[in-house]
Amino acid sequence: MSYSSTLGGAERILLDCATALEPMPLLACPPGPLADAAGRAGVAVLAMRPRSLELRASPRDRLAASARVLDLALELRRVLRERRPELVVAWSMRALLACVPALAGLGPRPRLVFQHNDFLPGPALGALVRAAATSADLTICLSAAIERDLASGGRRLRTQVVHPGVDLERFAPAPEVAGASGAAAGAGHERAPAPVLVLGAIEPWKRPDLALEVAALVPDLRLVVAGEPLGRSGQALLSRLERRAQLPDLRGRVDLCGRLADPLPALREAGALLHCAEREPFGLALVEALACGVPVVAPAAGGPLEIVGAGGRLYPPGDAHAAAAALREVLSPGRRPELAAAARARAEAHFDREHARRRWRRALASA
């Protein structure tokens, strides 16, 4: 069960997990990119009514959020009575908050697994999610940082950390073209410096605004910001980014290119991946970059602490000057080949998708 219809990192992980199961599960979610991708992957989809993703954009959104979750619970309860599943996986917090009341009183009650992909949003909602998680037979967390955040309330919960992985055959360094650089040099041309890539939704918590300030501190750096807004706050942020990119210190150096249908070409062209979210629960884009041999520069907090290792550099969250210094290091000709090799090795050792899928299947079996 997914509340979201989008196809962000958590939903791509959902598809990786769902397609690893035999028999294939039924996915209940609203119509949209997730349902479309699931259909192409051979996953049966049960269409749920779409509901707004806004949660904290305004007082009205906050008041409406609980009503939307309760409405989803009623719809889901009807589905559960008809389908009688043995196991329900609540994918992320809002799905859990709908599943717990939907399952109440059903007999026999299906097993419930909570797939927890994010940090808790605040004290009140955090307490509600922790209470709901006590009803789950197992909570699977994307990262140890998420597990610690959930466990900090003191409730007794059964949890397990399963880091997701990526397809290491698909996400791989670009093949070298023999003699290309020599030919370019012989023709009297210098290759343009590789751009720095920011990959993720245009949302305030992702801090793409900080990425522009980092770029302003590194002369001649080209910045590609790939992502789209998910709600009204993201739309307002995108407008601010567009205005900032036109100021003299950044004019002509920032490409706000929107959502990429496939991030692989942009990753392979990038000199580094810059990540700026100060409270990143995991960060699938970081893993994809490592697999492509692209060094990662990210805040020393949350998921990136578990991902980057020797494949990049960490900086104090929110510190544009430290991030700029880290970028200069990873982009320097003397360091980048070493860091690129370390990035790929890190992905191979810790983030292979097939290993991750096996761990997830074992976790479900334990429930």
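**Notebook: salt bridges, strands and buried residues**

I looked up D137 and found it buried, with a relative accessible area of 17%. I take buried as under 20% relative accessible area, exposed as over 50% and partly exposed as in between, with a 1.4 Å probe and protein chains only.

I note that this is a predicted model, in which local features need pLDDT of at least 70, side-chain atom pairs count only at pLDDT 80 or more, and totals for chains, interfaces and linings use all residues. Residues are numbered from 1 along each chain as its sequence is written, and side-chain values use heavy atoms, with hydrogens and water left out.

**Salt bridges**

I searched the whole structure for salt bridges and obtained 20. The criterion is a side-chain nitrogen of Lys or Arg within 4 Å of a carboxyl oxygen of Asp or Glu.

I returned to D137 and found that its side chain meets that of R109 in a salt bridge, at 3.4 Å from N to O. D137 sits in the loop between α5 (123-133) and β5 (138-141) and R109 in the loop between α4 (93-103) and β4 (111-116), so the pair ties together parts that are 28 residues apart in sequence. R109 is partly exposed, at a relative accessible area of 38%. Helices (H or I, at least four residues) and strands (E, at least two) are DSSP runs, numbered from the N terminus.

Next I examined E288, which forms a salt bridge with R12, the closest N and O atoms being 2.5 Å apart. E288 belongs to helix α11 (residues 284-291) and R12 to helix α1 (residues 9-18), so this pair ties together parts that are 276 residues apart in sequence. I recorded E288 as buried, at 3% relative accessible area, whereas R12 is partly exposed at 31%.

I then checked E354 and R357, whose salt bridge has its closest N and O atoms 3.5 Å apart. The two residues are both in helix α15 (residues 353-366), three residues apart, about one turn of the helix. E354 is partly exposed at 35% relative accessibility, and R357 is buried at 13%. I traced a network of salt bridges that links D16, D167, R353, E354 and R357.

**Strands**

I followed the pairing around β5 and found that β4 and β5 pair in the parallel sense over four bridges. Two strands pair if DSSP finds at least two bridges between them. V113 has L138 of β5 as its bridge partner. Both faces of β5 are covered, with L138 and I140 buried on one side and T139 and C141 buried on the other.

I also mapped an open sheet of six strands in parallel pairing, in the order β9-β8-β7-β10-β11-β12. Its edge strands, each paired on one side only, are β9 (254-256) and β12 (312-315). The twist averages 20 degrees from one strand to the next. Within this sheet, β7 (residues 196-199) and β8 (residues 223-226) pair in the parallel sense over four bridges. V198 has V225 of β8 as its bridge partner.

I noted that helix α13 (residues 320-331) lies across β7, β10 (272-274), β11 (296-299) and β12, running at about 170 degrees to β12. Axes are lines fitted to C-alpha atoms, for helices over the stretch in contact, and angles run from 0 to 180 degrees between N-to-C directions.

**Buried residues and an aromatic pair**

I looked up C276, in the loop between β10 and α11, and found it buried at 3% relative accessible area. Leaving aside neighbours within four places in sequence, C276 is in contact (heavy atoms within 4.5 Å) with K206, R207, L210, A211, P299 and Y315. C276 and P299 are 23 residues apart in sequence and 6.2 Å apart in space, C-alpha to C-alpha.

I counted two aromatic pairs in the structure. F282 and F351 form an edge-to-face pair, 6.4 Å centre to centre, with 65 degrees between the planes. This pair links distant parts of the chain, 69 residues apart: F282 is in the loop between β10 and α11, and F351 in the loop between α14 (336-350) and α15. F282 and F351 are both buried. Rings of Phe, Tyr and Trp (its six-membered ring) pair if their centres lie within 6.5 Å; planes under 30 degrees apart count as stacked, over 60 as edge-to-face and the rest as tilted.
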